[in-house]
Amino acid sequence: MLNYYQSNAASMKKQILCLLAVVLGIPCTVSAQVDYESDIQPIFNASCTSCHGSNGGVNLTSYEQLMSSTGTNYGNDLVVAGDPDASGLVDKIEPNPQFGSRMPQGGSLTDEQITLIRTWISEGANEVATAAEPDVEIPSAFRLMGNYPNPFNPTTNIEFVTPEAVQYTISIYTVHGMLVGEQVGNVATGKHSVPVNLTNSPTGMYIYRLSVLRNGVNELLGTGRMTLIK
Ligand code: HEC
């Protein structure tokens, strides 16, 4: 599989996202990886449709055309879903085809392109790689979710999501703007819950601010109110 990564950046991104999810303890599967429209059709457009266009025989201008094409020699076995070795399309792009000359006539596809076409057929030769998206959503944006529990005594958890590893700062103020405490830490991608303990503070309402350090700049993610009741 590794050899088509270079020519299949979208698939690689999915794999990496999935890997990340699994590291975070979130289940994730990537099944079909090759997408006809973005991975396969461009190969045909570049190397095949000049000859296999609208005229009869093998038409490689779209998924529908390809799947309904009948070859002079391979008949309806141009694409046998799940079985690249039985597919005339694959036989014709590899060296020494059973019938006629290797395609594209007068040249050849790269090994990566051939592997992509083989993989697409192995995965079922679907028009859309339906199950290709990871089952989980990797956080796409920074988000302050709030604190829990609230009211609290003496510990509450400030919850937030980060789409990348960052250094965060949580600052706690009284309602009059006096700094009560500050906590700095580092987190990986994902959802976080940082405990804040106000055991030495009196009952009352407090304000917290969450910021993250990105490219050397502290960016405010949000503020919240919380009530300590002793
Ligand atoms: C320069 C013109 C030309 C290009 C470009 C070309 N082909 Fe062909 N193709 C032909 C001709 C002519 C035949 C019939 C003769 C033969 O089979 O060698 C053919 C036959 C085929 C067949 C066999 C159909 C059958 O059952 O007989 C397949 C499959 C095929 N081409 C696929 C492709 C693919 C895939 C590409 C692009 C990677 C491609 N061709 C590029 C001219 C071309």
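**Entry 1: classes and the pocket lining**

For the count below I take Ala, Val, Leu, Ile, Met, Phe, Trp, Tyr, Cys and Pro as nonpolar, Asp, Glu, Lys and Arg as charged, and the others, Gly among them, as polar. With these classes I sorted the lining of the largest pocket and got eleven nonpolar, ten polar and one charged residues. I note here that I am working on a predicted model.

I then looked up the volume of the largest pocket, which is about 430 Å³. The pocket is lined by 22 residues, and I list His 52, Val 58, Leu 60, Lys 92 and Met 103 as the closest to its centre.

Next I asked which helices each supply at least two residues of this lining. I found helix 2, residues 36-47, and helix 4, residues 88-93. Helix 4 has the largest share of the lining, with four residues.

**Entry 2: the ligand**

Where does the ligand sit? I find the ligand in the largest pocket. I looked up the 21 residues around the ligand and wrote down the ones that come nearest: Cys 48, Cys 51, His 52, Lys 92 and Met 103.

I sorted the shell around the ligand by class as well, and it divides into eleven nonpolar, nine polar and one charged. Helix 4 gives the most to this shell, with three residues.

**Entry 3: polar contacts of the ligand**

I went through the N and O atoms of the ligand and its surroundings.

- For His 52, I noted an N or O atom of the side chain at 2.8 Å from a nitrogen atom of the ligand.
- For Lys 92, I noted an N or O atom of the side chain at 2.5 Å from an oxygen atom of the ligand.
- For Ser 101, the atom is a backbone N or O, and I have it at 3.0 Å from an oxygen atom of the ligand.

His 52 and Lys 92 were already on my list of residues closest to the pocket centre, and they are also among the residues that come nearest to the ligand.

**Entry 4: Thr 119**

I moved on to helix 5, residues 111-122, where Thr 119 has its place. Is Thr 119 buried or exposed? Its relative accessibility is 14%, so I count Thr 119 as buried, the limit being under 20%. I also looked for a partner of its side chain: the side chain of Thr 119 reaches the backbone oxygen of Thr 115 at 2.7 Å.

**Entry 5: cis peptide bonds**

I checked omega in the loop between strand 1, residues 143-148, and strand 2, residues 155-162, where Pro 149 is found. Tyr 148 and Pro 149 are joined by a cis peptide bond, with omega about -5°. Pro 151 lies in the loop between strand 1 and strand 2 too. I read a cis peptide bond between Asn 150 and Pro 151, with omega about 0°.

**Entry 6: positive phi**

I looked at phi in two asparagines. Asn 96 is a residue other than glycine, yet its phi is positive, near 50°. I place Asn 96 in the loop between helix 4 and helix 5. Its relative accessibility is 71%, and exposed means over 50%, so I count Asn 96 as exposed.

Asn 215 is not a glycine either, and I have its phi as positive, about 50°. I find Asn 215 in the loop between strand 6, residues 204-214, and strand 7, residues 217-228. I record Asn 215 as exposed because its relative accessible area is 78%.

Note on methods: Residues numbered from 1 in each chain as written. Predicted model: local features only at pLDDT ≥ 70, side-chain atom pairs only at ≥ 80, totals over all residues. Heavy atoms only, no water. 1 Å grid on protein atoms, 1.4 Å probe; cavity = no way out; pocket = protein on both sides within 12 Å on 5 of 7 lines; lining within 4 Å. Points joined across faces, edges and corners; volume = space filled by probe spheres on them. Near = heavy atom within 4 Å. Polar contact = N/O pair within 3.5 Å; in protein donor to acceptor, adjacent residues only side chain to side chain. Sits in = over half its atoms within 2 Å of the grid points. Buried < 20%, exposed > 50% of the residue type's maximum accessible area, 1.4 Å probe, protein only.
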